[in-house]
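Me: I have a structure to go through. Let me ask how some of its labels are earned.

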Amino acid sequence: MAENNVPLRDFDEESETDSETELLIRRDVRTASFAAASSSIKSNSKNNSRGRHRKSSTGYSGVVNSSSGGGGSFLGNLFGHSLGSAAGQIRYRNERSRERAKYSNSSSSVSKLAQLTQTSAGGSAVAGSAASGPSGGAATGVGDSAGVASDLGNGTHSTVIDPENGSATVFYQNNRRRSKGRSFGSICKLCLCSCWRKWFRPRELRARTVNLGRVNTEKFPPNEIRNQKYNFITFLPLVLFEQFRFFLNLYFLLMALSQFIPDIRIGYPYTYWGPLGFVLMVTICREAVDDLRRHQRDHEVNSQKYKRLSATNGSGYEMVPSSKLKVGDVIIVEKNERVPADLILLRTSDRSGSVFVRTDQLDGETDWKPRLAVPYTQKLSRDSELHSIDASFYVEKPQNDIHSFIATFCMTDGSEDTGLSVENTLWANTVVAAGTATGIVIYTGCETRSVMNNSQPRSKVGLLDMEINGLTKVLFCAVLGLSLVMMMLKGFGGPWYRYMFRFVLLFSYIIPISLRVNLDMGKAFYSWQMQNDSNIQGTVVRSTTIPEELGRISYVLTDKTGTLTQNEMVFKKIHLGIVSHDADTFHHIGHIIQKLSGNIMQQQQQQHQQGSVSSSSSGESNTATKPIMFAGNRMRRPEGWREWEAVRALALCHNVTPVSDEEDNRSVSTASTVTGGNNSPTKSVINIEAPGSTDTEHQYQAASPDEIALVKWTEQVGLTLIARDLNTMTLQVKTPSEDNDILLHYQILQLFPFTSESKRMGIIVRESKSGQITFYLKGADVVMSSIVQYNDWLSEESGNMAREGLRTLVVAKKVLTEEQYSDFEMRYNAARLSITDRVAKVAAVTESLERELELLCLTGVEDRLQENVRPTLELLRNAGVRVWMLTGDKLETACCIAKSSQLIGRNQGLHVLRSVKTRTDAHQELNSFRRKQGHALVIEGESLEVCLQYYRPEFLELATASPAVVCCRCSPTQKAQVVALIQKHTGKRTCAVGDGGNDVSMIQQADAGVGIEGREGRQASLAGDFSIPQFSHIAKLLLIHGRRSYKRSAALSQFVIHRGLIITTLQAVFSAVFYLSSVALYQGFLMVGYSTLYTMFPVFSLVLDQDITSETAVTYPELYKDLSKGRSLSYKTFFIWVLISIYQGGVIMYGALILFVDEFIHIVAISFSALIMTELIMVALTVRTWHRLMVLAELFSLALYLISLAVLHEYFDWEFIWSYDFLWKVSLITLVSCLPLYIIKFLRKKCSPPSYLKLS
């Protein structure tokens, strides 16, 4: 019976909700009835469990193997020896409901059971009855019993044998409890997974429907700008994690924790926990202050209030902060206000439904862009009607592409269905340039285009910190090695591991925890000095953890617009072919215009009379009159015709609209920019008031600052644009008598806007009185040289202006007859209506007009640079810093600024990488650039992507070797990618400088991010590690403060390491001499006071040291090159300090052992006093430029130690201290330890002085 105790396998694989598991074991007897029953059940089993056949067979194989292992197994006892000859079938299924019903029935159900057998751990009645005979006996026994059951309440299994089919069913009561446990665990697991997905999984970006006039119930992210690194919950865990990432802090945490174990405790716990707690407290406070400042700056931006339309408010709107805006809110954005969220434009103050935005904070482009309102909502008479319509917007999911957008506006009743594009949007961080815009919020917070193009702020770790972290690992290996040597000398008998760990604790001061304290306090001091430097006023240090990075910079990556330039265009020069005028001679052109005004007035009067005569004649038209002003033979043109034609061309060929403040508040007249069209608004708006203008003078709006500069110049010389609408333009000619100014009216026939492909823009106008039709064209010299008539001066003069850094434009004209224009208009309109190849056909018709144009002038416009940009870039170049310009602007503009700012040296060439689309193009262009050594590289964003895709290592090798690189048409994400590629490829330190929201990603990716706080906004300034008011401050920030921070931190860290090494050497010598005992040489307060009271002030005073003056650092920027090599803190200098520490520690300890006479306390007094004096003298030997605070720190520390000698009787023998023996012994030991080092330093200074000493 004992053999029946073999347990059955618990089959619980079917379902977690099974309460009972039924094991059916059918016995195949030789009788026909049994065979029939078996076959029937077998077929049913196949059909019912086909989907789980693999699982069941796998589960039951274990049972068969365990049963056949011996004759006394459970299955053998149950069915006897016939099991081996009979085919045993095993099935697995859940019979919970059926069996419960069977056992819960009345006595009629129980009477069907002929036999009840208890099977427990002690034995089995079924085994005995089944084994009473062979198949016949078994059949008889089974026939007498209708089934076998067991009590299910005691946790045992029960078996029921059915006589009809010979099957035995085994029930397991325990499964019910286990399945309940599993169900509860599954529920908990499901809840945890759901919470994790809800709270921590990235939000799924989906397309959305935004209702207009109805409440939006779906939840979206809050509309908050957040530059913080931490929140209330994550602050402490993340700060501690960042600190214990450093091996130094983690090591001392383990050492401090070990002091809670009595067997290995050495000294007092506060000697370990005190410094560690102080370090952590300083770090936590510093991070808290930095993050609090970020929070305050974010709060300032988030609190900016906007008008939100409200149906309940009496005024029609309510003022709400930008952080409270939600998707579906309708807000009003006034002129010069920042757009707080991504909007779809509903209405504008312009009757045409257009508004103009500045996008330089988003994409860096200086050309401002038009935006169009939804046509249906623009037709509404007032904003308040927006609440009464029932409409919705179906918008695409949020993405980072700022140049595309897909949405649909539809009315609920289906009466209106309009497709929307990027022209109907106002992205966050753009600025409304003129008028008022009303829009509905579609994306907020982290889902806006500007935020999705920014990277998350990261915790930056300086290169110096990583180098020190590596040195601490070396010191830790030294601790282990020294402890192991001591144990080898002592022997590994007894509890050797305990002695080993005590030695590790004794020598742990070789890794000084005060290193972190001194470095962090030093960084705070460097930051304070930067912010209080009168030469770079306005500088703010927003991250106090990486000031040393400014001393190791190899690459500076800068934005263009607003960083190098002021984005203010100034007209500098005009060349007329035979004469050139600049700012000194512009007044001559003004005199010529005034002198010719009389002729213009006389011709107008003649034409008025001719028009009257022609109008009275039935067969003639007034359009047949002769055109005005020098249209006849060129030989008869009077003096001044060149100036007049050039000025008139500049006053007509543009896309500028004059407005006054009153007009700007009501409506903005616009002109066409769509190719061939005259029904669209201008490209963008710029409001620049002419110098010296009064309230009656005009302000101008235009596509770019270049055109503003040209029109302002024509006003300056006497030809003013006073009015413009979609179809007409009016000029005012200034006369000597201001009361008789002449007005010239022109009809706009066609307008051909500027595109990056054509690189030119044109206009066809008709003079209203004369009827003369003129085609004006202006563009880049590279395309205009083949369009204008032959000349011998254009190429040379455009090259001269380009070398001066001016943006050049070639202006030409062509007079058309009525027949010529009519023919052109017919062909042009036909091309515009073409279904196939419309763009190519329109371009072909336009080019047919651009032939043999008369060259009028060449203009030069300067984008005014920031103050002192040229000398700053020259300083950086001489300092060995490579400057890259990353801009979203056009290639031509970027090249002009690179030349005018002298980003490219005078002796350096410029290689423009042509636009590449394929791998072959990239290969050819890179090979072409490889052959041009010493040339600066200019590349566009699309070409950059192709080169990086196919030839990343080769391109980076060529680009990083180039003296300067200009990347234009770069997206914000591309700027950050370029910074990351430089860091990865070169391993050098990078500094990113920018002023706009499109520079934030680049600033955060760089090792040192510098934001410029200007009129472009504060977003880059808030995101940067450092903030400066202008670009020129970057030179002093790097050359002076960066140099000092790195040099001082390097000296400070090595001296603190030396301070720990020397006392560890003393301890090692002491332990070796005194029988390898693991006893501390200096107990309690002496160990704490050594690194705090007695040496802290002199050592920390090294942060006041400087090797060269500020003037020398700026005068000789070449001195900065050595810093990037990291020679101030290297393994070479580290091991030099190690040797010094071993020498001085050995001299002090052995000197004390040799010179002491009787008591051990004298060894402590002599060695500790010599140690303190040695440290004070070593600080004096390290200092290069003395400061009065350094002298004060030395004297103060010495006084503190002398007082300690008199007070601490526990550690010092007062009588021995006052004796002559103590004085001469300490002096001798100190002299021997320091004098050789001073001699070596003196000889090195004379024989091989450093470069800065040669200059001084």
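Me: How do you know that strand 12 and strand 13 pair?
Reply: This is a predicted model. In it, strand 12 (residues 354-358) and strand 13 share 4 bridges, in the antiparallel sense. Pairing needs at least two bridges, so the two strands count as paired. Within strand 12 and strand 13, Phe356 stands opposite Pro370.

Me: What makes strand 13 and strand 18 edge strands?
Reply: The open sheet has 3 strands in the order 13-12-18, with antiparallel pairing. Strand 13 (369-372) and strand 18 (431-434) each have a single partner strand, so one side of each lacks a neighbour in the sheet. From one strand to the next, the twist averages 50°.

Me: How do you know that the length of helix 40 agrees with its residue count?
Reply: Helix 40 (residues 1188-1207) has 20 residues, and at 1.5 Å a residue they should span 28 Å. The end C-alpha atoms are 29 Å apart, which agrees.

Me: Why are Met1190 and Tyr1201 of helix 40 called buried?
Reply: Buried means under 20% relative accessible area. Met1190, Ala1193, Glu1194, Ser1197, Tyr1201, Ser1204 and Leu1205 are the buried residues of helix 40. They cover an arc of only 110° around the axis, so they lie on the same side of helix 40.

Me: What do these buried residues of helix 40 pack against?
Reply: They pack against helix 36 (1096-1100), helix 39 (1160-1182) and helix 41 (1214-1217).

Me: And which residues are exposed on the other side of helix 40?
Reply: Arg1188, Leu1192, Leu1195, Leu1202, Ile1203 and Val1207. The cut-off for exposed is over 50% relative accessible area.

Methods. Residues numbered from 1 in each chain as written. Predicted model: local features only at pLDDT ≥ 70, side-chain atom pairs only at ≥ 80, totals over all residues. Heavy atoms only, no water. Axes fitted to C-alpha atoms, helices over the stretch in contact; angles between N-to-C directions. Expected span 1.5 Å × (residues − 1). Buried < 20%, exposed > 50% of the residue type's maximum accessible area, 1.4 Å probe, protein only. Arc of directions from axis to C-beta. Contact = heavy atoms within 4.5 Å.
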